[in-house]
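Trainee: I'm new to this one and I'd rather see one part properly than skim the lot. Please pick a single stretch and walk me through it slowly.

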Amino acid sequence: DYFRDRWIESLGRGFGLAIVERRSLGGVEMARTLSNLWVPVGELRFARPSDFEGVSLGEGEALDAVAWVVRDRAPLRERPGGRIVERASRLVRVTIEEERRDQLRTADGHWIHERHVARPRPAEAPEDLSDGERWIDVDTRAQVVTAYVGERPVWATAVSTGRGATPTPPGSYRIWVKLAEDDMDDLERDDVSENYAIQAVPWVQYFHGSIGFHAAFWHDRFGQPRSHGCVNLSPRDARWLFDFTQPNLPPGWDAIIPGGEGRGTRVRVR
């Protein structure tokens, strides 16, 4: 009962709720959550998901020519170490045509420092890879995910992997479950300064326990470490990767477990 201040649960700032209904009650606009509880709309800030998305690569297209700016107002110079002639917006895609140590020349003739971009690094295919097998390279240093078919890169994007005390663990894995959406939290942890809880996170693919790929609709700092260990992607990129991996989720299904040895798409984190 909102008007008698009788509440069921208290949530911290930044916790994520999935809203399924809005209704005006006694002159107060209320929202019903996925867990069937109510909260005043005035106490909510609705998410504005990023519209950023990665790039599909054509046959023979160079992977290391792709890059995204990851710094606000990144300086573009007329030559390495020279005068700043322009500033680039964050997450703008640039095409790299030349590299001189830590300086990169873009297709428009400007130079940008490599630390200001997220740029894929080609990866060697696993030795036991089947012909035409799909697999995913997670490059935590570059903050980039690249999808491969066999030895050919077919898609790449900037991501946010784990930061600080919760890095994304390196290693070779396989996706063990795919979920159209999943609730995520770390409320059981008492060794962190801030806990989190988010309902209905979309396009989730776990590959190492509770570590996996998923959409992040609460930030757009892709290209920089930010997560609690998972690999954050923009909503559009998370959906693309969800459709790319195997097995596919049949129509009407909410989740699928690959089952059987080697059926889930391979993931390599470096």
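Mentor: Before we start, a word on names: a strand here is a DSSP run of E covering at least two residues, and strands are numbered from the N terminus. Keep in mind, too, that you're looking at a predicted model.

A bit of setting, then. The protein chain has one helix and 21 strands, and its C-alpha trace spans about 65 × 55 × 35 Å along the principal axes. Of its 270 residues, 43% are buried.

Now to the part I'd pick: β1, β2 and β3. Strand β1 takes in residues 19-25 and β2 residues 28-33, and the two pair antiparallel through six bridges. If you want one bridge to find by eye, go to arginine 23, whose partner in β2 is methionine 30. The link between β1 and β2 is a hairpin with two residues between the strands, and there glycine 26 has a positive phi near 60 degrees.

Carry on along the chain and β2 meets β3, which is residues 38-40; these two also run antiparallel, joined by three bridges. Here you can look for arginine 32, which has tryptophan 38 in β3 as its bridge partner. This hairpin has four residues between β2 and β3, and asparagine 36 in the turn has a positive phi of about 70 degrees.

So much for the backbone; let's turn to the surface. Leucine 25 sits in strand β1. Is leucine 25 buried, exposed or something in between? With a relative accessible area of 32%, leucine 25 is partly exposed, because that label covers values from 20% up to 50%. Patch members need over 30% relative accessible area, and leucine 25 belongs to a nonpolar surface patch together with Tyr2, Phe3 and Trp38. Together those four residues offer about 400 Å² of accessible area. Notice that Trp38 is a name you've already met, as the bridge partner of arginine 32.

For contrast, glance at two charged patches elsewhere on the surface. One is positive and gathers Arg71, Arg73, Arg87 and Arg115. Arginine 71 is in the loop between β5 (66-69) and β6 (74-77), and at 37% relative accessible area arginine 71 is partly exposed. The other patch is negative, made of Glu181, Asp183, Asp185, Glu188 and Asp254. Glutamate 188 lies in the loop between β16 (177-185) and β17 (197-208), and its 62% relative accessibility makes it exposed.

Notes: Residues numbered from 1 in each chain as written. Predicted model: local features only at pLDDT ≥ 70, side-chain atom pairs only at ≥ 80, totals over all residues. Heavy atoms only, no water. Patch = residues over 30% accessible without salt bridge, like charges linked within 9 Å, V, L, I, M, F, W, Y side chains within 5 Å. Areas by Shrake-Rupley, 256 points an atom, 1.4 Å probe, with all protein chains shown as cover. Salt bridge = Lys/Arg side-chain N within 4 Å of Asp/Glu carboxyl O. Lys, Arg positive; Asp, Glu negative; His and termini not counted. Charge placed at Lys NZ, Arg CZ, Asp CG, Glu CD. Buried < 20%, exposed > 50% of the residue type's maximum accessible area, 1.4 Å probe, protein only. Pairing = 2+ DSSP bridges.
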